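Student: I should like to learn how the features of a structural model are read. May we work through one together?

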Amino acid sequence: MGRYSPITTSDQELMLAKLGLSSIDDLYKQVSKDLLIDGLDIPSGKSEMEVRQIMTDLAAKNKVYRSIFRGAGAYNHYIPALVKQIVSKEEFLTTYTPYQAEISQGVLQSIFEYQTMICQLTGMEIANASIYDGATAAAEAVNMTMTRKQNKILISETVHPMTIETIQTYANSVNNEVIIVPQKDGVTDVEKLAAMLEDDVACFVLQQPNYFGQIEEAEKIGALLKENKQKFIMSINPVAGVKLKTPFECQADIATGEGQPLGLDLAFGGPYLGFLAASKEFLHKIPGRIVGETEDTEGKRGYVLTLQAREQHIRRERASSNICSNQAHCALTASVYMTVMGPEGLKDVARQCYSKTHYLADALTQIPTIELKYPGEFFHEFVTTSTKPAIDILEKLDEENILGGYPLNETDILWCATEMNSKEDIDRLASIVKEVM
Amino acid sequence: MKLIFEKSKHGIKNDMLPPLDVPEVELPTMLQRKQALNLPEVAQPDITRHYSALAKRTHGANDGFYPLGSCTMKYNPKLNDEMASLPNFTKIHPLQPVETVQGALEVFALAEKYLCEITGMDKMTFQPAAGAHGELTGLMIIKAYHTAKKDFKRNKIIVPDSAHGTNPASASMVGYKTVNVPSDENGCVDPEELRKVVGDDTAGIMLTNPNTLGKYEENISEVTKIVHDAGGLNYYDGANLNAVMGVVRPGDMGFDVIHLNLHKTFSTPHGGGGPGSGPIGVKNILEPFLPNDHPVQETSGKFNLMKPEQSIGRVKGFYGHFLVDVRALTYILYLGAEGIPHAAKTAVLNANYLMEGLKEFYKVGYPGICMHEFVLSLKDIKKETGVTALDVAKMILDYDMYPPTMYFPTIVPEALMIEPTETESKETLDEVIRIYGEIHETIYSDPEKVKSAPHRMVVKRLDEVKAARQPKLAYQFD
Amino acid sequence: MKNPENLKYSKSHEWFKELTETSGQVGLTFFAQEELGDIVYLTLPEEGDEVAQGDVVCDIESVKAVSDIHSPVSGTITKVNEALLDSPELVNEAPFDTWLFEIEEITAKDDLLNAEEYTKFVEEEA
């Protein structure tokens with residue numbers, strides 16, 4: 001039976017004797033007898049070897065595709081060996097939240113470095129130490145913009161459906177209204193947006209590139225919102241963010257995004273990484289932990305968790321967010337990834353994703369009946385539409401161990417190509433799809 | 001120590017990708033960012049040294065005794081990490097066809113089955129990312145329940161004054177007002193005081209058992225009945241489950257919804273502050289409200305994802321912290337039916353043994369048998385010597401040991417909350433008693449030394465006021 | 001620090017200084033800032049806010065705590081001391097000389113304590 005405790009039977013006897021007790025169950029004498037259970041109806045404990053076999057068998061029931069052409073919120077990127085090795089260091093894995101600053105300078109400095117990198121990526125002035133994922137980062141950003149007189153939320157129809165649903169779920173519980181701004185030709189209908197900017201609207205949420213991979217008119221939207229009184233929340237893909245105009249350049253008030261592409265495994269959806277950055281005016285409204293630089297009593301540079309009076313452990317019911325544990329280890333992974341890749345490496349990733357996706361789009365649209373659904377620029381995802389069922393294409397690809405694009409409905413597919421897809425992969429995919437049509 | 005940016009040298013690039021093998025297409029210039037992207041340019045040998053240096057300035061449960069009350073810093077088994085690294089877990093896309101991820105869905109289903117048995121609940125979702133996130137989800141479910149019954153006047157959540165800060169904060173996020181109920185002299189919820197505050201505006205109560213003082217709530221069944229009789233629901237904060245798992249079950253105590261902290265009770269690593277996992281367990285009456293994309297096993301035996309009929313929606317993208325849940329499942333399989341209660345009982349034994357040894361030197365906040373943790377109050381020491389709980393915590397650092405939780409729960413003045421967990425040996429506990437005794441001596445013989453601690457860390461005490469008044473939150477590039 | 005005689009006090013540790021019959025200034029007492037510790041941030045009410053005696057109008061943060069600030073009288077807020085947003089430490093340095101907000105059209109102000117009563121109240125509380 002599996003145990004990790006070093007306490008032996010003879011230890012137990014000695015300890016109980018010191019406490020003047022005869023049995024370990026005496027420690028539970030305050031528990032009413034009717035609540036004590038008779039045993040657990042779960043399997044008996046096992047040896048490490050047996051457990052390994054069970055878990056490995058479970059894993060074997062999952063299929064790992066040779067090629068992945070699906071994004072839709074989770075992206076297949078190359079993760080350098082050094083990243084995995086560094087983040088698996090036991091100190092980083094088993095350490096607690098760095099409340100005791102003097103013994104946690106390593107963690108605190110790594111978070112400070114992460115915050116800096118997120119500021120660089122988004123162009124914004126301040127960043128926090130992470131939120132659970134891109135969807136919750138957007139929901140927390142929305143909360144930051146709520147005021148007494150402004151409690152309506154506008155979201156573009158082109159934002160990831162799971163992000164919209166998360167924001168809606170958060171808003172429902174406090175009766176804040178969520179209004180969807182419709183799309184036109186695969187991007188936000190800016191004219192309609194302008195007409196919806198009522199005084200009681202707190203913010204507008206945009207995703208760049210959007211769910212369909214299309215590039216939004218973020219600068220135009222930013223200028224529009226600046227003229228009015230609504231806050232602009234821009235949720236970005238960090239790889240595309242290396243090349244596209246930054247949230248800062250688009251006059252966003254708050255930048256959020258899903259950091260999974262920055263060195264985190266696909267991992268069936270989690271754990272991922274939400275990043276959040278904002279202009280200085282939001283300093284006291286930012287949720288979650290923040291690390292700041294300071295000095296010790298001898299003038300030496302050091303790092304601490306700061307502005308903690310924003311947080312739940314001090315503000316309690318007056319806190320604007322309840323977040324406690326965040327995605328610290330995932331944030332570390334992202335900052336190691338950004339360090340190993342460096343700015344040129346990241347630009348290379350972005351460049352390759354952009355070029356390969358356009359190469360894929362060209363190859364697919366040359367096949368009869370397949371067309372691009374939307375006009376306009378896209379980054380590393382795009383939607384095709386066809387008169388033939390999407391399922392036929394995807395099943396054939398599946399047989400060839402290729403995970404094709406994500407079926408949005410019976411005829412439309414959302415494709416993605418990254419640096420992990422070679423020209424041969426793409427050519428092969430195109431020829432298989434051609435056969436199907 | 002330098003920041004990674006201060007080690008950067010222009011022109012260094014680590015070769016990770018092959019050259020572009022398709023024709024290059026340029027993003028239109030007017031769409032391109034002009035703002036600089038200052039990221040480190042450091043070669044791999046120097047990167048690895050940088051992070052080694054950071055690791056040396058980090059102290060994990062792997063390095064020594066870590067008695068943080070309410071955090072359950074137990075041993076993080078390495079088998080768990082290996083299983084969470086299996087390619088057939090790490091390389092699967094969340095939107096793959098359901099037939100191709102049956103193993104992943106079965107992980108969720110098995111974890112749900114075993115944890116429901118351990119907690120006495122009927123269904124469980126793993127979507128919430130952490131304990132606080134679980135609280136949020138659970139409260140949303142409570143609200144949805146009352147709303148579905150058109151019971152709109154229930155706008156208050158009751159919490160004991162000893163509650164963790166996330167409890168009232170979560171209540172506020174769901175639009176509930178928090179009502180505090182005072183603890184009695186034993187640190188427990190007083191049923192009489194509770195009766196005064198419940199009413200038809202009570203949506204529910206949030207409790208943990210054992211409570212944040214490490215005391216078992218003897219009247220728990222009476223307490224949950226009072227809330228049920230008033231029409232409210234009972235929420236269990238599972239942070240302290242390590243004291244009672246396999247011995248008693250929150251579902252049997254009258255709780256309708258619970259959250260667990262897998263990164264506490266179920267051994268998944270803390271990672272410097274996350275990722276955790278905060279699954280929510282519910283009784284059948286609340287099942288219809290669970291979040292979207294709930295893994296279920298159909299009658300055919302196949303696993304699928306479904307949306308409960310009156311689902312609250314979703315609280316984050318995808319399905320939850322899958323790799324964290326893989327670790328927790330591995331742990332549960334290893335410990336098994338006998339190992340789970342054994343771990344709990346040993347945790348409680350260790351805490352009582354340690355408390356017995358320490359009470360010679362320090363005042364115990366609530367005397368008598370404790371559960372997995374206990375609180376010391378240094379109020380008298382502060383009065384006599386001026387030395388505070390914070391000072392003592394900083395002094396403990398000089399012994400290369402992690403201090404207990406300070407100043408929580410807030411109802412105990414100068415609190416130090418200690419939770420050894422079951423994975424500490426008797427020898428370690430005896431050594432801890434010896435060290436805390438030595439510190440006690442120093443408090444009276446040389447209080448200045450304690451007040452100016454730590455002396456042996458890489459930094460002395462840090463200026464937190466400056467950090468807050470003059471916030472510097474990112475490195476400034478020239 | 002002694003509690004100045006010319007001020008009135010609330011039990012939630014705010015001081016009130018009469019400017020005219022129906023207007024005055026509000027600040028925090030020495031005791032309040034000492035309990036809080038080094039102040040790092042505060043919010044201020046909005047000009048035009050109508051408040052009742054005892055209402056929470058804003059809050060004040062130190063490194064480790066946050067406290068509500070109540071209005072000791074009923075009335076309408078007319079001016080706020082915006083300089084404090086950048087220099088909250090002034091409340092620590094000169095609590096009785098640092099006003100947070102001005103209030104006019106005052107109605108309820110009779111329950112306030114005088115300096116002697118407040119000093120006694122603080123002693124008993126501690």
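Student: Which residues of chain A does UniProt list for "domain: Glycine cleavage system P-protein N-terminal"?

Tutor: Please bear in mind that this is a predicted model. The unreviewed UniProt entry lists residues 3-432 of chain A under that name. Over residues 3-432, chain A is 36% helix and 16% strand, with the end C-alpha atoms 52 Å apart.

Student: Which residues of chain B does UniProt list for "domain: Glycine dehydrogenase C-terminal"?

Tutor: According to the unreviewed entry, they are residues 343-444 of chain B. Over that range the chain is 50% helix and 12% strand, and 38 Å lies between the end C-alpha atoms.

Student: Into which domains is chain B divided?

Tutor: The division gives domain 1 (4-56), domain 2 (79-334) and domain 3 (347-464). The centres of domain 2 and domain 3 of chain B, taken over C-alpha atoms, are separated by 31 Å. Between these two domains, 14 residues of domain 2 are in contact with 14 residues of domain 3. On the domain 2 side of this contact there are four nonpolar, eight polar and two charged residues.

Student: How many helices and strands has chain B, and why is it described as being as compact as a globular protein of its length?

Tutor: Chain B has 15 helices and 13 strands. Its radius of gyration is 25 Å, close to the 23 Å that the globule rule gives for 478 residues, so the description follows from that agreement. Buried residues make up 59% of the 478 residues in chain B. Of the contacts in chain B with a separation of 6 or more, 73% are between residues 24 or more positions apart.

Student: How should backbone angles be read?

Tutor: Most residues other than glycine have a negative phi, and most peptide bonds are trans. Two cases of phi may be examined in chain B. B:Lys150, not a glycine, has a positive phi of about 60°, and B:Glu414, also not a glycine, has one of about 50°.

Student: Is each of these two residues buried or exposed?

Tutor: B:Lys150 counts as exposed because it has 6 C-beta neighbours inside 10 Å; this residue is in the loop between α5 (131-148) and β2 (156-160) of chain B. B:Glu414 counts as buried because it has 22 such neighbours inside 10 Å, and its place is in the loop between β12 (405-406) and β13 (415-418) of chain B.

Student: Where is a cis peptide bond found in chain A?

Tutor: A cis peptide bond joins A:Gln208 and A:Pro209, with omega about -10°. A:Pro209 is in the loop between β7 (201-208) and α9 (218-227) of chain A.

Technical notes. Residues are numbered from 1 along each chain as its sequence is written. Chains are lettered from A and ligands numbered from 1 in the order in which they are written. This is a predicted model: local features need pLDDT of at least 70, side-chain atom pairs count only at pLDDT 80 or more; totals for chains, interfaces and linings use all residues. Domain bounds come from an automatic or database domain assignment. Two residues are in contact if their C-beta atoms, placed from the backbone, lie within 7 Å. Ala, Val, Leu, Ile, Met, Phe, Trp, Tyr, Cys and Pro count as nonpolar, Asp, Glu, Lys and Arg as charged, and the others, Gly among them, as polar. UniProt positions are given in the numbering used here, feature names are shortened, and annotations may be inferred rather than shown by experiment. Helices (H or I, at least four residues) and strands (E, at least two) are DSSP runs, numbered from the N terminus. The radius of gyration is taken over C-alpha atoms; the globule rule is 2.2 Å times the number of residues to the power 0.38. A residue is buried if 20 or more other C-beta atoms lie within 10 Å of its own, exposed if 12 or fewer, and partly exposed in between; C-beta atoms are placed from the backbone.
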